[in-house]
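Here is a small set of exercises to help you find your way around a new structure. Try each task by yourself, then compare your steps with the worked solution.

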Amino acid sequence: MGWAIALHGGAGDIPRSLPPERRDPRLATLRRCLHLATAALRAGRPALDVVELVVREMEDCPHFNAGRGSVLTTDGTVEMEAAVMDGNTMRCGAVSGLSTVVNAVSLARLVMDKTPHIYLAFDGAEAFAREQGVMTKDPSHFITEENKERLRQAKEANRVQIDYTQPMKGQESQAPPKDDNSRIGTVGCVAIDSAGNLATATSTGGLVNKMVGRIGDTPVIGAGTYANRLCAVSATGKGEAIIRHTVARDVAAMMEHGGLSLQDAAARVVGGVPPGNVGLVAVSAAGEVSMVYNTTGMFRACATEGGHSEVAIWPDDVDDASC
């Protein structure tokens, strides 16, 4: 047993030709977050605090589609969402439709800790953020030039961008464009601490060119985010598919009702979703880790008290993270 941690920075059709300037900052952030998490777990911090800490760090990194790096709606605005869940108590909190909150995951934690509710959205969530005194910024803080260009490309192609390498309009016969659209994925973290507490947290900016008001899987408890006494799960990919297949809850259900191991349950659930749609990270009460996906790749990292650690994107590029 012992503590274990896993995190992701999005799954999708990630081309192996991904330029170093787009690949390396993400991998560096995964490594930094893994080191922060392992230090916190070794120091005895609760799993819920650790997953919030990690996701906050990823929200603050402009290279991921959450917080500062959130992609834009069809109106050119940001609508961020997040969720947290404590496995032992099954307490949870979720938010969506945020346009000014710097760390959506921490507002989700406050919804869990400070209200009788689970889910707050849009104006109500923003008002609650002001009441709680969380850090906010003008919406323009989240609207980067790079994401303006992504939105322009998506509008030109008349699509909601859900894939790393969908050809641009007029480029169907060419190689994937240099703009790899690699910010489509959520960020998430799952952990079990030395006391056996399980927790999960997930955060995202959604999809490029999504309709205003669209809500994805991330804040939907049981779809993109779920934890109980058996496991903690954070999913990434195409939100509509993840919601339809109740991905996160199904992993726990396979363990609870089918007697499957974490790895077998995660593999079966991901295998039941159409290819190219989903990835997830999960930890079990026994300290097992699973990181599975049916996309080309998934930005991911993990570490265990037993000494195993890795950071990777594709199936065959696993690096020792040396935590």
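**Exercise 1.** How many bridges join E9 to strand E10 (residues 289-293), and in which sense do the two strands run?

*Solution.* Please keep in mind that this is a predicted model.
Step 1: count the bridges between E9 and E10, which come to 5.
Step 2: compare the directions of E9 and E10, which run antiparallel.
Step 3: look at one pair, in which glycine 279 has tyrosine 293 of E10 as its bridge partner.
Step 4: inspect the hairpin of E9 and E10, where 4 residues lie between the strands and glycine 287 takes a positive phi near 85°.

**Exercise 2.** Describe the other pairing of glycine 279, and then decide whether the faces of E9 are covered or open.

*Solution.* Step 1: glycine 279 in E9 is also the bridge partner of threonine 236.
Step 2: E8 and E9 are paired over 7 bridges, in the antiparallel sense.
Step 3: in a regular strand, side chains alternate between the two faces of the sheet.
Step 4: sort the residues of E9 by side, with Val278, Leu280, Ala282 and Ser284 on one and Gly279, Val281 and Val283 on the other.
Step 5: the residues on both sides are all buried, so both faces of E9 are covered, given that buried means under 20% relative accessible area.
The count agrees, with 7 of the 7 residues of E9 buried.

**Exercise 3.** Check the length of helix H7 (residues 247-258) against its expected span, then find what covers its buried residues.

*Solution.* Step 1: H7 has 12 residues, and at 1.5 Å a residue they should span 16 Å.
Step 2: the end C-alpha atoms of H7 are 15 Å apart, which agrees with that expectation.
Step 3: list the buried residues of H7, namely Val247, Ala248, Val251, Ala252, Ala253 and Met255.
Step 4: look at what covers these buried residues, which includes strand E7 (225-227), strand E8 (231-237), helix H6 (239-244), helix H8 (262-271) and strand E9 (278-284).
Step 5: move just past H7 to glycine 259, where phi is positive at about 70°.

**Exercise 4.** How are helix H2 (residues 47-59) and helix H3 (residues 104-114) packed: what is the angle, and how far apart are the axes?

*Solution.* Step 1: the angle between H2 and H3 is about 150°, and their axes are 8 Å apart.
Step 2: angles over 145 degrees count as roughly antiparallel, so H2 is roughly antiparallel to H3.
Step 3: H2 makes the contact with Leu48, Asp49, Glu52, Val55, Arg56 and Glu59, while H3 uses Ala104, Val105, Ser106, Arg109 and Met112.
Step 4: sorting the residues of this contact gives 5 nonpolar, 1 polar and 5 charged.

**Exercise 5.** Repeat the analysis for H3 and helix H4 (residues 122-132).

*Solution.* Step 1: H3 and H4 pack at about 80°, with axes 11 Å apart.
Step 2: the range from 65 to 115 degrees counts as roughly perpendicular, so H3 is roughly perpendicular to H4.
Step 3: in this contact, Leu107, Leu110, Val111 and Lys114 of H3 meet Ala125, Phe128, Ala129 and Gln132 of H4.
Step 4: the residues of the contact of H3 with H4 divide into 6 nonpolar, 1 polar and 1 charged.

**Exercise 6.** What is the order of the strands in the open sheet of 8 strands, and which strands stand at its edges?

*Solution.* Step 1: the order is E4-E3-E2-E6-E5-E1-E11-E12, and the pairing is mixed.
Step 2: strand E4 (119-121) and strand E12 (309-312) each have a single partner strand, so they stand at the edges, with one side of each left without a neighbour in the sheet.
Step 3: from one strand to the next, the twist averages 10°.
Step 4: at the E12 edge, strand E11 (residues 297-304) pairs with E12 in the antiparallel sense over 4 bridges, and arginine 300 has alanine 312 of E12 as its bridge partner.
Step 5: return to H2, which lies across strand E1 (4-12), strand E2 (80-86), strand E5 (187-192) and strand E6 (198-204) and runs at about 160° to E5.

Terms used
Residues are numbered from 1 along each chain as its sequence is written. Side-chain values use heavy atoms; hydrogens and water are left out. The expected span of a helix is 1.5 Å times one less than its number of residues. Buried means under 20% relative accessible area, exposed over 50%, partly exposed in between (1.4 Å probe, protein chains only). Contact means heavy atoms within 4.5 Å. Axes are lines fitted to C-alpha atoms, for helices over the stretch in contact, and angles run from 0 to 180 degrees between N-to-C directions. Angles under 35 degrees count as roughly parallel, over 145 as roughly antiparallel, 65 to 115 as roughly perpendicular and the rest as oblique. Ala, Val, Leu, Ile, Met, Phe, Trp, Tyr, Cys and Pro count as nonpolar, Asp, Glu, Lys and Arg as charged, and the others, Gly among them, as polar. Two strands pair if DSSP finds at least two bridges between them.
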